[in-house]
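Me: I am new to this structure and would like to learn how to read its features one at a time. Could you take me through them slowly, giving the general idea before the particular case?

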Amino acid sequence: GRFARSDLQNMPNGEDQRLFVTINDKPVVEVDYSNLHIRLLTDLRKVDYSKYKDTDLYHMPLSDDDLNADNRWLIKQAVNIMFNCSNERAAMAAIQDKMRKEITKTFCFGGPKEVLTAIKAAYPWLADDFCQPVPRGFYLMNLDSWIAHCVSKEFADEALPIGIIHDSFIVQEEYRDKLIRAMTVAYRKYTDRADAIVYMKLKYAEVNPLVNDSIIEETLVIRD
């Protein structure tokens with residue numbers, strides 16, 4: 001199972017409305033794990049970080065010429081489909097459906113088989129995690145719930161409010177560093193990898209009554 005709060009999760013994510021919520025009249029920040037499920041399996045497999053093309057694992061199946069938002073979107077969708085399908089035929093059908101429906105996007109792949117082949121070549125250490133009879137997605141959703149439990153307990157034990165949206169968390173701005181540390185500790189605990197590099201994304205709203213509000217986004221790479 002996964003943690004769920006309908007009040008926060010039902011807010012349109014694309015418009016970042018959650019960032020304008022206040023907790024006890026104080027502004028908030030949202031921190032979420034980057035590429036969580038594929039990173040969890042990669043760290044559980046104790047993969048050497050030198051294999052990483054860059055900090056975004058969804059870039060790995062793409063050539064430098066094909067690195068763009070549309071192709072990354074497709075790779076992310078396809079990887080998660082392959083974690084949640086029990087065979088390659090079902091995975092290719094689901095990938096084809098995604099490609100067909102996204103008429104505004106342009107992809108470098110001719111079809112779903114090319115996508116699946118590129119993904120398997122890019123992540124050989126995940127061969128036993130793609131398209132399994134018991135889909136790996138069930139395990140991953142349960143694991144990210146335990147991580148969320150660990151993070152939220154850190155705040156609950158001190159009677160501090162925290163909002164949970166699957167693998168991201170919203171807290172008062174003053175507790176930003178506490179949240180980042182709790183997320184780092186929880187990730188390393190459940191991957192059993194003390195040297196794991198933890199990738200996160202920090203977002204917050206910059207409210208200005210004289211101009212349009214803006215959303216600030218930062219990439220966090222935690223190495224220590």
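Reply: Let us begin with burial, where a residue is called buried if its relative accessible area is under 20%, exposed if that area is over 50%, and partly exposed in between. Please keep in mind that this is a predicted model.

Me: Is C85 buried or exposed?

Reply: C85 has a relative accessibility of 14%, which is under the 20% limit, and therefore C85 counts as buried. C108, by contrast, has a relative accessible area of 32%, so C108 is partly exposed.

Me: Since both of these are cysteines, how many disulfides are found in the whole structure?

Reply: A disulfide is a covalent bond between the sulfur atoms of two cysteines. A search of the whole structure finds zero of them. For C85, the nearest cysteine sulfur belongs to C131 and lies 6.3 Å away, while a disulfide requires two cysteine sulfur atoms within 2.5 Å. For C108, the closest cysteine sulfur is also in C131, but at 19 Å, and that is too far for a bond.

Me: How should I read the sheet, and in what order do its strands come?

Reply: With a sheet, one asks for the order of the strands, the sense of the pairing and the strands at the edges. Here five strands form an open sheet in the order 2-3-1-4-5, with antiparallel pairing. The edges are strand 2, residues 163-165, and strand 5, residues 214-222, each of which pairs on one side only. On average, neighbouring strands are turned by 20 degrees against each other, with direction ignored. Helix 7, residues 176-191, packs on this sheet and touches strand 1, strand 3, strand 4 and strand 5, and its direction makes about 15 degrees with that of strand 1.

Me: Over how many bridges do strand 1 and strand 4 pair?

Reply: Strand 1, residues 28-33, and strand 4, residues 198-206, pair in the antiparallel sense over five bridges. Within strand 4, K203 is the residue that stands opposite E30.

Me: What can I learn from a single residue, and where is V171 placed?

Reply: For a single residue, one can ask for its place, its burial and its contacts. V171 is in strand 3, and its relative accessible area is 0%, so V171 is buried. Leaving aside neighbours within four places in sequence, V171 is in contact with several residues, including V28, V29, F155 and L179. F155, in turn, belongs to helix 6, residues 136-156, and is buried as well, at 0% relative accessibility. Beyond four places in sequence, the residues that F155 touches include L160, Y175 and K178, as well as V171.

Me: Which residues have the most contacts inside the largest nonpolar core?

Reply: That core has 63 residues, and those with the most contacts inside it are Y33, Y123 and V151. Helix 3, residues 69-84, gives the most to this core, with seven residues. V151 touches Y33 directly, and among its other contacts beyond four places in sequence are I162, F169 and M183.

Me: Finally, at what angle do helix 2 and helix 3 pack?

Reply: Packed helices are described by the angle between their axes and by the distance between them. Helix 2, residues 36-44, packs on helix 3 at an angle of about 60 degrees, with the axes 10 Å apart, and that makes helix 2 oblique to helix 3. The contact is made by H37, I38 and L41 of helix 2 together with V79, N80 and F83 of helix 3.

Terms used. Residues are numbered from 1 along each chain as its sequence is written. This is a predicted model: local features need pLDDT of at least 70, side-chain atom pairs count only at pLDDT 80 or more; totals for chains, interfaces and linings use all residues. Side-chain values use heavy atoms; hydrogens and water are left out. A nonpolar core is a set of buried Ala, Val, Leu, Ile, Met, Phe, Trp, Tyr and Cys residues joined through side-chain atoms within 4.5 Å. Buried means under 20% relative accessible area, exposed over 50%, partly exposed in between (1.4 Å probe, protein chains only). Helices (H or I, at least four residues) and strands (E, at least two) are DSSP runs, numbered from the N terminus. Contact means heavy atoms within 4.5 Å. Two strands pair if DSSP finds at least two bridges between them. Axes are lines fitted to C-alpha atoms, for helices over the stretch in contact, and angles run from 0 to 180 degrees between N-to-C directions. Angles under 35 degrees count as roughly parallel, over 145 as roughly antiparallel, 65 to 115 as roughly perpendicular and the rest as oblique.
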